[in-house]
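Let's take a walk through this protein together, one step at a time. Have the picture ready and turn it around as you read.

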Amino acid sequence: ILRMAWRLLFREGGGFAVVVSFALMHLAGLLDRHGWRRLADRLRGYLDLDRVAVYCGRLLDTSFRFIVTEAGGCAVDIDNERDYGVARLAFERWRADQRERAAAVRAH
């Protein structure tokens, strides 16, 4: 992890803020896995998803966005216009499925 953080800081153009966010995410995950939920939640409070998405986009040299759903979802990798067109065609069907899943989660 430290080697990756060093590379992000100096070679990938991430900068200090990216390294700090990366470290906070990993530390919060470690604390959470070891039963320190409150402390993990407090650390996660310093991580803004929009800011993390900007960092991811900067490191990957692309547009990057998080969408939080109540019932799971998927990662969509759009590399070109054709992929974007397919995603646009399937979006409404995906969205309806997500709403149905979220309703089922809320019902339980």
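Which residues in helix 2 meet which residues in helix 4? Before you hunt for them, keep in mind that you are looking at a predicted model. Now for the answer: on the helix 2 side you'll find A17, V18, S21 and M25, and they meet V52, Y55, R58 and L59 in helix 4. Sort the residues of this contact by character and you get 6 nonpolar, 1 polar and 1 charged.

How do these two helices sit relative to each other? Helix 4 covers residues 49-60, while helix 2 covers residues 16-33. Their axes come within 11 Å and cross at roughly 115 degrees. If you care about handedness, the crossing of helix 2 with helix 4 is left-handed.

Let's zoom in on one member of that contact, S21, which belongs to helix 2. Is S21 buried or exposed? Its relative accessibility is 8%, and because buried means under 20%, S21 counts as buried. Setting aside residues up to four places away in sequence, S21 touches L47 and Y55. You've met Y55 already, as one of the helix 4 residues in the contact with helix 2.

While you're at helix 4, have a look at C56, which lies there too. With a relative accessibility of 22%, C56 counts as partly exposed. Not counting neighbours within four places in sequence, C56 is in contact with F64 and F66. Here's a nice example of how a chain folds back on itself: C56 and V18 are 38 residues apart in sequence, yet their C-alpha atoms are 8.6 Å apart in space.

Now swing round to the other partner of helix 2. Helix 3 spans residues 37-44, and it packs against helix 2 at an angle of about 165 degrees, with the two axes 8 Å apart. An angle over 145 degrees counts as roughly antiparallel, so that is the label for helix 2 and helix 3. Their crossing is left-handed.

What meets what here? From helix 2 come L24, L27, A28, L31 and D32, and from helix 3 come R37, L39, A40, L43 and R44. Count them by character and the contact has 7 nonpolar, no polar and 3 charged residues. Pick out A40 for a closer look: leaving out residues up to four places away in sequence, A40 touches A28, L31 and D32.

Which residues make up the largest nonpolar core? There are 6 of them: L24, A28, L31, A40, L43 and L47. Helix 2 and helix 3 are the elements that give two or more residues to this core, and helix 2 provides the largest share, with 3 residues. A few of these names should ring a bell: L47 is one of the residues that S21 touches, and A40 touches both A28 and L31.

Finally, step back and take in the whole thing. The secondary structure comes to 5 helices and 0 strands, so to speak an α-α-α-α-α run from the N terminus on. Of the 108 residues in the protein, 19% are buried. And if you take the contacts between residues at least 6 apart in sequence, 38% of them join residues at least 24 apart.

Definitions and conventions: Residues are numbered from 1 along each chain as its sequence is written. This is a predicted model: local features need pLDDT of at least 70, side-chain atom pairs count only at pLDDT 80 or more; totals for chains, interfaces and linings use all residues. Side-chain values use heavy atoms; hydrogens and water are left out. Axes are lines fitted to C-alpha atoms, for helices over the stretch in contact, and angles run from 0 to 180 degrees between N-to-C directions. Angles under 35 degrees count as roughly parallel, over 145 as roughly antiparallel, 65 to 115 as roughly perpendicular and the rest as oblique. A crossing is left-handed if the near helix is turned anticlockwise from the far one by less than a right angle, and right-handed if clockwise. Contact means heavy atoms within 4.5 Å. Ala, Val, Leu, Ile, Met, Phe, Trp, Tyr, Cys and Pro count as nonpolar, Asp, Glu, Lys and Arg as charged, and the others, Gly among them, as polar. A nonpolar core is a set of buried Ala, Val, Leu, Ile, Met, Phe, Trp, Tyr and Cys residues joined through side-chain atoms within 4.5 Å. Buried means under 20% relative accessible area, exposed over 50%, partly exposed in between (1.4 Å probe, protein chains only).
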